[in-house]
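Subject: Structure handover

Hello,

The structure I am handing over to you is shown below. My notes on what was found in it follow.

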Amino acid sequence: MTNLSLEEAKTKVKSLRNQLNKWADAYYAKDAPVVEDATYDKSYQELEKLEAQFPELVSSDSITQRVGGEIKSNFSKVEHEVPMLSMGDVFSKTELKEFDERIQKAVGHRVAYNAELKIDGLSLSLEYEDGRLVRASTRGNGSVGEDVTANARFIKDIPQTLPEPLTIEVRGECYMGKESFAKLNTERDAEGKQVFANPRNAAAGSLRQLDAKVTKKRDLSTFIYTWVNPPEQITGQHQAIKAMDKLGFHTNQTGHRFESMDEVFKFIDEYTEKRDSLSYGIDGIVLKVDDLSLQNKLGNTVKVPRWEIAYKFPPEEQETIVRDILWTV
Ligand SMILES: CC(C)(C)c1nc(N2CCN(c3ncccn3)CC2)c2cc(C(N)=O)c(N)nc2n1
């Protein structure tokens, strides 16, 4: 229940409807979602809650009254055997220190961490049977995603077959490099099409294309960072990434295993500096307890692992021009 007055609720409902209609039109009309599902869903649920609390505000033209009101994608659904979890976010080194202290307290000793750049893309799961790619799917809500196998076949750095007949699942981030993003937007602008607000939306819009031939024209990449239930000879996150690299997956080589938080802080400072010069977007650093058995011991809360945290950089000066064009349409 919100503590909004009827007047305030009316304003809020109006702006939510306006926003959701724009997003839904972009999704249906141009089949290029300009926003992450999670963002759309959050606003949609907020509108539903307000309409439930203020029934006098419900109107037949509200997107919640539309049969297909929610973003229904035409992809078939994929149930994730192992849920794709969310990530806890922190925004300061103090909070990272507290995270480390919590972990040390829980396990009774200091732990090593694997620090990874937090790639600004969308999550992707890749499933292989006897060494052949059989399914690619998006994260969706963490439990149910979309089948994008046909599209994934056109992402050049995804191995279609593995050097060994393994039946495994790996997960990573699908992203569009900064240069490819700028090129795509220039082309779209020249064609009078709506430009993408940022590389993450461009990647999402390009991967979640119903017509895989469109994905083929888009320059998408991946960084793979998780081996789901790896063989027992793999005991650490850093080792897992090295092993996936050997299998032909594209991994991010900047990841580093650290024994102390001081080294982690140096890594954070280094990539706060280097961020703009990278050829792909990052929005933070992901810190994971490296030892996989400790990860299992620490377990997860409902949606978030206790053994991992994402340190988010302060938002950089976004190129607001694109955003303005987008929102004024
Ligand atoms: C395996 C865990 C759960 C620890 C995990 N989860 C991740 N993510 C979860 C939340 N995600 C998410 N996405 C949409 C909505 C909610 N959560 C987006 C991926 C990771 C993302 C990156 C990255 N971006 O580079 C990374 N190097 N490691 C990750 N590791």
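**The five-stranded sheet**

Strand 10 (residues 282-289) runs antiparallel to strand 11 (residues 308-312), and the two pair over five bridges. Within this pairing, Leu287 faces Ile309 of strand 11. Please keep in mind throughout that the model is predicted.

These two strands belong to an open sheet of five strands, ordered 2-11-10-3-9, in which the pairing is mixed. Strand 2 (89-90) and strand 9 (256-258) form the edges, each pairing on one side only.

Two helices pack on this sheet. Helix 8 (residues 237-246) packs there by touching strand 3 (113-119), strand 9 and strand 10, and its direction makes about 55° with that of strand 3. Helix 9 (residues 261-274) also packs on the sheet, where it touches strand 3, strand 9, strand 10 and strand 11. The direction of helix 9 makes about 165° with that of strand 10.

**Helix 3 against helix 9**

Helix 9 has a helix partner as well. The axis of helix 3 (residues 93-107) comes within 11 Å of the axis of helix 9, and the two cross at roughly 145°. The crossing of helix 3 past helix 9 is right-handed. From helix 3, the contact involves Lys93, Leu96, Lys97 and Asp100; from helix 9, Met261, Phe265, Ile268 and Asp269 take part. By type, the residues of this contact are four nonpolar and four charged, with no polar ones.

**The four-stranded sheet**

There is also an open sheet of four strands in the order 5-4-7-8, with antiparallel pairing. Its edges are strand 5 (132-138) and strand 8 (220-228), and each of these pairs on one side only. From one strand to the next, the twist averages 30°.

Inside this sheet, strand 4 (residues 122-129) and strand 7 (residues 168-176) pair in the antiparallel sense, over seven bridges. Glu127 has Glu169 of strand 7 as its bridge partner.

Helix 6 (residues 199-207) packs on this sheet and touches strand 4, strand 5, strand 7 and strand 8. The direction of helix 6 makes about 125° with that of strand 7. Helix 8, already mentioned for the five-stranded sheet, lies across strand 7 and strand 8 and runs at about 130° to strand 8.

**Around the ligand**

Which residues come nearest to the ligand? They are Leu85, Glu116, Ile119, Ser123 and Lys288, out of 17 residues around the ligand.

Three of the polar distances are worth listing:

- Glu116: an N or O atom of the side chain is 3.1 Å from a nitrogen atom of the ligand.
- Ile119: a backbone N or O atom is 2.8 Å from an oxygen atom of the ligand.
- Lys288: a polar side-chain atom is 2.9 Å from a nitrogen atom of the ligand.

Lys288 falls within the residue range of strand 10, 282-289, and Glu116 within that of strand 3, 113-119.

Regards

Note on methods
Residues are numbered from 1 along each chain as its sequence is written. This is a predicted model: local features need pLDDT of at least 70, side-chain atom pairs count only at pLDDT 80 or more; totals for chains, interfaces and linings use all residues. Side-chain values use heavy atoms; hydrogens and water are left out. Two strands pair if DSSP finds at least two bridges between them. Contact means heavy atoms within 4.5 Å. Axes are lines fitted to C-alpha atoms, for helices over the stretch in contact, and angles run from 0 to 180 degrees between N-to-C directions. A crossing is left-handed if the near helix is turned anticlockwise from the far one by less than a right angle, and right-handed if clockwise. Ala, Val, Leu, Ile, Met, Phe, Trp, Tyr, Cys and Pro count as nonpolar, Asp, Glu, Lys and Arg as charged, and the others, Gly among them, as polar. A residue is near a molecule or strand if one of its heavy atoms lies within 4 Å of it. A polar contact is a pair of N or O atoms within 3.5 Å; within protein, one must be able to donate a hydrogen and the other to accept it, and residues adjacent in sequence count only if both atoms are side-chain atoms.
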